[in-house]
Every structure is written in C-alpha cells, then in structure tokens.
Amino acid sequence: MALRKELLKSIWYAFTALDVEKSGKVSKSQLKVLSHNLYTVLHIPHDPVALEEHFRDDDDGPVSSQGYMPYLNKYILDKVEEGAFVKEHFDELCWTLTAKKNYRADSNGNSMLSNQDAFRLWCLFNFLSEDKYPLIMVPDE
C-alpha cells in the first residue's frame, strides 16, 4: 500500500501537468498516452482492450481525476509489483510531464537549479509530502 501511495503522488503531478486549462480535466487521448507510458515504465502487460473500453468515445468531454482513478487503480496500480520496475525511470516519466508546466528558467535561460537537481528536489518533496491532494509545497519547509 505504501508503494501505491508513493506512485500516486508522481502520477497526480503528471495528470495535473496535462491539465493545461486548469479545469481539473485531461483529454482522453492524453490519458491514453499517459496510461500506455505507465504500463511501459512499470513493466505491466498492456491491456489495450481495457484502455479503449474505459476511454470509449461515447462521451465527448475530457476526463477528471475522479474519472481516471478507477482505471488507474484497477488496471495499473493493482498490477504494480515492487522490484519489477526501476522507480527512478517511473519518476523521470512523471517529472518530464511535470517539468514542462512547473520548471522554468528565467528569460536568459538560467535557473537556480539544474533540471537534474530540480528533479531530485521534486522526488524528495514527493517522498516527504503528506497524502493530501492537491500536494502543496511550502517554501519555508
């Protein structure tokens, strides 16, 4: 159960990074790609039928995190086996999406932290953060 909670924090960031309109929803096509990448990095056998069935195009709108969670739990998180994947590769996948939205250099292309250091700090934050969503970083802490 601890592994599930740890993975969920990084996935939450990836999901919210895909929410470009800040509506709490992500397009089905983006969720299909995210799910496929999670299957790959977590070394879980892909289930394209379940993926297509869950994200049927009979509803035109984007999917909220509450709409994605049942699929994520049943077809991905329930099948994760500790030691069957490289945790850093999983974190790198989620960071790649998160960094596009949250990691910015200044107008000169400079930043306080290198991308690698920001990734490490993000991983540390995820490890230490509470299981309350949305995850919020308090700078003074």
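A residue counts as buried when its relative accessible area is under 20%, as exposed when it is over 50%, and as partly exposed in between (1.4 Å probe, protein chains only). At 58% relative accessibility, Phe127 therefore counts as exposed.

This is a predicted model, in which local features need pLDDT of at least 70, side-chain atom pairs count only at pLDDT 80 or more, and totals for chains, interfaces and linings use all residues. Residues are numbered from 1 along each chain as its sequence is written, and side-chain values use heavy atoms, with hydrogens and water left out.

Let us turn to helix 4 (helices are DSSP runs of H or I with at least four residues, strands runs of E with at least two, numbered from the N terminus). Its buried residues are Tyr68, Tyr71, Leu72, Tyr75 and Ile76. Seen down the helix axis, they fall within an arc of 105° (taken from the directions from the axis to the C-beta atoms), so they line one face of helix 4. On the face turned away from this buried side sit the exposed Gln66 and Lys74.

The buried residues of helix 4 pack against these elements (contact means heavy atoms within 4.5 Å):

| Element | Residues |
|---|---|
| Helix 1 | 2–18 |
| Helix 2 | 28–41 |
| Helix 3 | 48–54 |
| Strand 2 | 63–64 |

Tyr68 itself, leaving aside neighbours within four places in sequence, touches Phe15, Leu31, Leu34, Ser35, Leu38, Phe55, Val63 and Ile76.

Tyr68 and Ile76 are also among the residues with the most contacts inside the largest nonpolar core, which has 37 residues. Such a core is a set of buried Ala, Val, Leu, Ile, Met, Phe, Trp, Tyr and Cys residues joined through side-chain atoms within 4.5 Å. Helix 1 gives the most to this core, with 8 residues.
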